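Reader: Could you take me on a close look at the sheet in this model, and then at a few helices and loops around the chain? I would like the cut-offs spelled out as you go.

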Amino acid sequence: MEAREEAHLPPPSPSPPPPPPTSPAHDALLRAGPRLRLLQQAHAHVIVSGSHRSLSLLTKLINLACAAGAIGYARQVFVTVPGPDSFLFNSLIKSCSKFGFPRDAVAFYRCSLLAGIPPSNYTFTSVIKACADLSASRLGRGVHAHALACGFGSDPYVQSALVTFYAKSSDLNVARQVFDKMGERTVVTWNSMISGYEQNGSAKEAIELFDRMRESGIEPDSTTFVGVLAACAQLGAVSLGSWVYEYVMDNGFDLNVVLGTSLINMYARCGNVSKSREVFDSMRERNVIAWTAMISAYATNGYGSQAVELYDQMRLQGPRPNKITFVAVLSACAHARLVDMGRQIFASMKEEYDVEPGLEHFVCMVDMLGRAGFLDEAYEFIERKIPMEPPPAVWTAMLGACKMHKNFDLGVRVAEHLLDSEPENPGHYVMLSNIYALAGQSDRVQRVRNMMIQRGLKKQVGYSIIEVDGKTYMFSMGDKSHPETNIIYEYLDELMLRCTQAGYVPLADSLMHELEGEEREYALRFHSEKLAVAFGLLKTSHGMTITVVKNLRMCEDCHLAFKYISVVANREIVIRDKLRFHHFKDGSCSCLDFW
């Protein structure tokens with residue numbers, strides 16, 4: 001444990017001569033600590049005692065002022081310092097960076113250069129961290145260049161800070177270049193690179209790097225696991241996520257709020273809500289984030305009633321709900337037809353908790369009302385209740401409701417609002433095209449397709465991921481890259497034939513109507529999620545649940561097909577699409593076709 005803590009320490013810095021241990025002014029500063037009023041009194045004592053020219057005392061005072069959050073006071077003291085030295089500048093830059101004043105850290109760095117103070121590895125480490133916190137990509141690159149010019153390009157502390165900076169700046173190629181050049185890497189550096197990959201959507205690379213970290217003999221810490229669990233959640237890699245849970249329990253890690261919430265989210269995003277609840281119940285401390293994560297786990301997996309029940313428990317025995325909590329519970333109401341409950345919760349936000357509804361809450365309300373068939377009320381809500389120009393997300397929710405309830409006239413009006421607000425989003429054209437097609441207006445379908453072609457817009461490519469024996473496999477529509485493609489296709493053909501014999505009829509309206517006859521049926525049959533499910537059924541033992549992660553919303557035909565497949569294959573199938581989870585079992589889905 002000591003080695004792990006040492007990895008977080010900054011590079012060593014030169015120490016000033018300590019003040020005499022019996023100095024009353026020094027003792028006053030120690031008693032004051034990071035408390036502003038007491039610091040001001042101690043400062044007065046320093047002045048009265050004649051110690052106001054002591055660099056060590058003033059440095060101590062300024063650092064404590066930064067720790068107290070009193071950056072203005074720290075600046076005032078700094079300008080009174082006669083001849084600030086490198087230790088004072090470095091201490092001040094580090095304190096500003098550490099205690100949340102990155103702009104001041106950069107300002108004092110520039111001030112030190114103007115004063116002719118040569119920077120050290122200590123200086124660069126703190127300033128680069130400040131640039132990362134500011135998302136100041138151009139400035140950070142300039143500091144990097146300065147560090148190289150000063151001969152600190154190979155300093156492990158500077159390199160570690162650079163990895164964090166470039167990862168936070170989404171420049172993963174440069175971050176990895178710096179990482180690979182490092183001769184010595186602390187756990188902090190590994191964590192920065194892993195979380196950088198995960199936060200930029202490169203979950204597979206994050207997990208691969210974690211495997212390499214373990215091979216290198218580096219002991220992971222809680223921060224490592226938070227990043228790895230988030231990557232597992234992205235990919236649906238439940239086996240690795242479960243290994244992390246076992247490792248945490250077996251090795252005496254503190255299941256704190258951050259780690260516990262990460263586990264809740266991982267299991268929820270892999271479709272295992274019971275394990276999420278197991279983790280939640282085992283946590284000794286739960287804050288609003290942990291409660292919200294568990295409520296959201298129920299909501300996205302189709303357990304709306306349990307989500308609302310847990311929300312009620314939170315109100316009685318937990319922390320006050322926040323904006324994110326309300327999003328989770330309103331979403332649960334939307335997908336569980338709990339319209340009256342949703343109306344009450346939305347009203348309570350302002351009336352009971354003084355929480356001002358935001359865009360995400362308006363979207364949830366429109367979605368809830370629209371899904372339940374209250375299209376007129378939903379449209380009126382948009383016009384009268386939203387105190388701003390309705391953003392695209394609101395119209396998207398409304399458009400989905402119009403398509404669900406086949407109100408094509410209103411759907412066209414809503415779609416036109418969408419095209420006005422986001423003319424470059426291909427998804428809106430696809431939805432509008434489908435609505436025109438369902439309404440039998442083929443001429444308008446062609447017009448929408450022509451608009452997409454003229455603007456160079458293409459429908460986003462869908463893919464599905466499945467984990468088998470700890471390894472992830474990706475499929476796209478009509479994918480033939482897998483070495484067992486022929487076997488997979490033959491098995492899927494056989495599977496769909498059995499489904500057809502059981503009563504399944506393809507829903508051709510699920511496509512964008514650019515295909516005809518057998519060609520359309522072929523495209524429907526080999527959607528990425530069907531290929532992934534077929535592969536999973538082939539490669540796993542009877543009785544095992546098949547879990548697939550899809551990057552887009554699942555089409556209606558696949559949704560129908562999986563009901564039949566769950567019967568003919570006698571398996572539970574879990575599909576996580578862009579919006580939520582669908583648990584197919586014995587011919588029905590957990591969403592009750594309300595999605």
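Author: Happily; here is the sheet, followed by some helices and loops. This is a predicted model, in which local features need pLDDT of at least 70 and side-chain atom pairs count only at pLDDT 80 or more, while totals for chains, interfaces and linings use all residues. Residues are numbered from 1 along each chain as its sequence is written, and side-chain values use heavy atoms, with hydrogens and water left out.

Let us start with the sheet. Helices (H or I, at least four residues) and strands (E, at least two) are DSSP runs, numbered from the N terminus, and two strands pair if DSSP finds at least two bridges between them. Six strands make up an open sheet in the order β2-β1-β3-β4-β5-β6, and the pairing is mixed. Its edges are β2 and β6 (588-589), each with a single partner strand, so one side of each has no neighbour in the sheet. As background, strands of a sheet pair through backbone hydrogen bonds, either parallel or antiparallel.

Both senses can be seen here. Strand β1 (residues 463-468) runs antiparallel to strand β2 (residues 471-476), and six bridges join them. Within this pair, Ile 465 lies opposite Met 474 of β2. The two strands form a hairpin with two residues between them, and Asp 469 in the turn has a positive phi of about 55°. Strand β3 (residues 546-550), by contrast, pairs with strand β4 (residues 573-576) in the parallel sense over four bridges. There, Val 548 has Ile 575 in β4 as its bridge partner.

The sheet also leads us to a helix, since β5 (581-585) is included in what covers the buried residues of α16, along with α14 (222-235), α15 (238-250), α17 (273-282) and α18 (288-300). Buried means under 20% relative accessible area, exposed over 50%, and partly exposed in between (1.4 Å probe, protein chains only). By that rule α16 is mostly covered, with ten of its 13 residues buried, among them Leu 259, Leu 263, Ile 264 and Tyr 267. From first to last C-alpha, α16 (residues 257-269) reaches 18 Å, close to the 18 Å expected at 1.5 Å a residue; the expected span is 1.5 Å times one less than the number of residues.

For helix packing, look at α8 (residues 121-134) and α10 (residues 156-168), whose axes come within 9 Å and cross at roughly 10°. Axes are lines fitted to C-alpha atoms, for helices over the stretch in contact, and angles run from 0 to 180 degrees between N-to-C directions. The two helices are therefore roughly parallel to each other (angles under 35 degrees count as roughly parallel, over 145 as roughly antiparallel, 65 to 115 as roughly perpendicular and the rest as oblique). Residues of α8 including Phe 124 and Ile 128 meet residues of α10 including Leu 162 and Phe 165, where contact means heavy atoms within 4.5 Å.

Now for the loops. Arg 337, between α20 (323-335) and α21 (339-353), has a positive phi near 60° without being a glycine. Lys 406, in the loop between α24 (392-404) and α25 (408-421), likewise has a positive phi, of about 55°. Most residues other than glycine have a negative phi. Arg 337 counts as exposed at 52% relative accessibility, and Lys 406 does so at 55%.
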